[in-house]
Amino acid sequence: MTIKKTKIIENPELLINAGNPKGKLGEELINDMNVNHENLAQWGVGHLDISKQSIILDIGCGGGVNVKRFLELTDN
């Protein structure tokens, strides 16, 4: 079995930056989160009953992709 190195292993500063992403590394981390979590996010949102009248409070973390998705699904 081969273990593939991730960007975090290659650049430990990304891991340090994960708690409060800032600067160029923070942008890279957020972009990676948005890409790598997309399938799981789509799966999760697919299990929600969201209508145009739904009011959603997003208290998660990430790059804002789900907030944008919720804004597109609702009128609120």
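Student: Looking at contacts with a separation of 6 or more, what share comes from residues 24 or more positions apart?
Tutor: Residues 24 or more positions apart account for 31% of those contacts in the chain. Keep in mind that this is a predicted model.

Student: Okay, and what's the secondary structure made of?
Tutor: Five helices and zero strands. Going along the sequence, the pattern reads α-α-α-α-α.

Student: How much of the chain is buried?
Tutor: Of the 76 residues in the chain, 16% are buried.

Student: Switching to charges. How many salt bridges are there?
Tutor: The structure has one salt bridge. Glu38 pairs with Arg69, and their closest N and O atoms are 3.1 Å apart.

Student: Which parts does that pair tie together?
Tutor: Glu38 sits in helix H4 (residues 38-46) and Arg69 in helix H5 (residues 65-73), so the pair links parts that are 31 residues apart in sequence.

Student: And Arg69, is that one buried or exposed?
Tutor: Arg69 counts as buried, because its relative accessibility is 16% and the cut-off for buried is under 20%.

Student: What about Ser54, where does that one sit?
Tutor: Ser54 is in the loop between H4 and H5. Its relative accessible area is 16%, so Ser54 is buried too.

Student: What does the side chain of Ser54 reach?
Tutor: The backbone nitrogen of Ser51, at 2.8 Å. Setting aside residues up to four places away in sequence, Ser54 also touches Asp49, Thr74 and Asn76.

Student: Any other residue in that loop worth a look?
Tutor: Try Gly63, which is also found in the loop between H4 and H5.

Student: Is Gly63 buried or partly exposed?
Tutor: Partly exposed, because Gly63 has 36% relative accessibility.

Student: What does Gly63 contact, leaving aside neighbours within four places in sequence?
Tutor: Gly63 is in contact with Ile30 and Asn34. As for Leu29, its C-alpha lies 8.8 Å from the C-alpha of Gly63, with the two positions 34 residues apart in sequence numbering.

Student: And how far is Gly63 from Gly26?
Tutor: Their C-alpha atoms are separated by 9.9 Å, and the two glycines are 37 residues apart along the chain.

Student: Which helix is Gly26 in?
Tutor: Gly26 lies in helix H3. With 3% relative accessibility, Gly26 counts as buried.

Student: So what is Gly26 in contact with, again skipping neighbours within four places?
Tutor: Asn17 and Pro21.

Student: New topic: pockets. What's the volume of the largest pocket?
Tutor: About 300 Å³. The lining of that pocket has 16 residues, and those closest to its centre are His37, Ala41, Cys61, Gly62 and Asn66.

Student: Which helices supply at least two residues each to the lining?
Tutor: Helix H3 (23-36), H4 and H5.

Student: Which of them gives the most?
Tutor: H5 does, with four residues in the lining of the largest pocket.

Student: And how do the lining residues divide by chemistry?
Tutor: Six are nonpolar, seven are polar and three are charged.

Student: Can you put H4 and H5 together for me?
Tutor: Sure. Glu38 in H4 and Arg69 in H5 form the salt bridge. H4 and H5 also each give at least two residues to the lining of the largest pocket. Ser54 belongs to the loop between these helices, and Gly63 is found there as well.

Methods
Residues numbered from 1 in each chain as written. Predicted model: local features only at pLDDT ≥ 70, side-chain atom pairs only at ≥ 80, totals over all residues. Heavy atoms only, no water. Salt bridge = Lys/Arg side-chain N within 4 Å of Asp/Glu carboxyl O. Buried < 20%, exposed > 50% of the residue type's maximum accessible area, 1.4 Å probe, protein only. Polar contact = N/O pair within 3.5 Å; in protein donor to acceptor, adjacent residues only side chain to side chain. Contact = heavy atoms within 4.5 Å. 1 Å grid on protein atoms, 1.4 Å probe; cavity = no way out; pocket = protein on both sides within 12 Å on 5 of 7 lines; lining within 4 Å. Points joined across faces, edges and corners; volume = space filled by probe spheres on them. Nonpolar A, V, L, I, M, F, W, Y, C, P; charged D, E, K, R; others polar.
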